[in-house]
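The following exercises concern salt bridges and solvent exposure. Please work through each task before reading its solution.

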Amino acid sequence: MDIGNACLKAGKFSEGLNYFVRALAIAKKINQPERIRDSYQNLAVVYSQLNEFKQAYEYQVAYSRVKDSLVDGEANKAIHDMKEKHNAEKKDQEIELLNRKKALVDLENKNNKIEIEHQRSQRYFLIAGCISILLITLYIFTRFRSSQKKKKMIETHKLVLEEKNHE
């Protein structure tokens, strides 16, 4: 294609035409849309310089068609890239939301464990307090019974002594 452009600048249109036709064939063979587009444009220029306007027009139309398809392809690629980027951002947001929910659940679980441990501690203190009160009550009750027995014994001795004194 560069040789064809050099021929075009030198005014050797027929020779440049051959190079552009070969460049077009090679570009089609290797499926290079940009080179095909450029070859069509160069052929349109050469044919217009050779005053073959019908051929120039056909190549200009082919050039426009390939150019439009490339633009559409680029636009589709840009749209696809935007969609991919949007989907990736959406997934990142979902992951972030899930991470936040997981952190919240973990925090709630931790708070629940602390609350359960607190309730367990309160229960143990309550049980220990009840056992202590029960033991103190049992101690007082046994002391009371013991003092009642002693008091009864003292009264019995007192009665016995009074009787002896009275005799």
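**Exercises on charged pairs**

Glu117 is partly exposed, its relative accessible area being 43%; buried means under 20% relative accessible area, exposed over 50%, and partly exposed in between (1.4 Å probe, protein chains only). The model is predicted, with local features needing pLDDT of at least 70 and side-chain atom pairs counting only at pLDDT 80 or more, while totals for chains, interfaces and linings use all residues. Residues are numbered from 1 along each chain as its sequence is written, and side-chain values use heavy atoms, with hydrogens and water left out.

**Exercise 1.** Identify the salt-bridge partner of Glu117 and describe its exposure.

*Solution.* A salt bridge requires a side-chain nitrogen of Lys or Arg within 4 Å of a carboxyl oxygen of Asp or Glu. Arg120 meets this rule with Glu117, the closest N and O atoms lying 3.1 Å apart. The two residues are three apart in helix α4, about one helical turn. Arg120 is partly exposed, at 32% relative accessibility.

**Exercise 2.** State how many salt bridges the rule yields, and describe the others.

*Solution.* The count is three. Arg100 pairs with Glu96 at 3.3 Å between the closest N and O atoms; both lie in helix α4, four residues apart. Arg100 is exposed at 57% relative accessibility, whereas Glu96 is partly exposed at 38%. Lys102 and Asp106 form a salt bridge at 3.3 Å, N to O, and are also four residues apart in helix α4. Lys102 is exposed at 52%; Asp106 is partly exposed at 38%.
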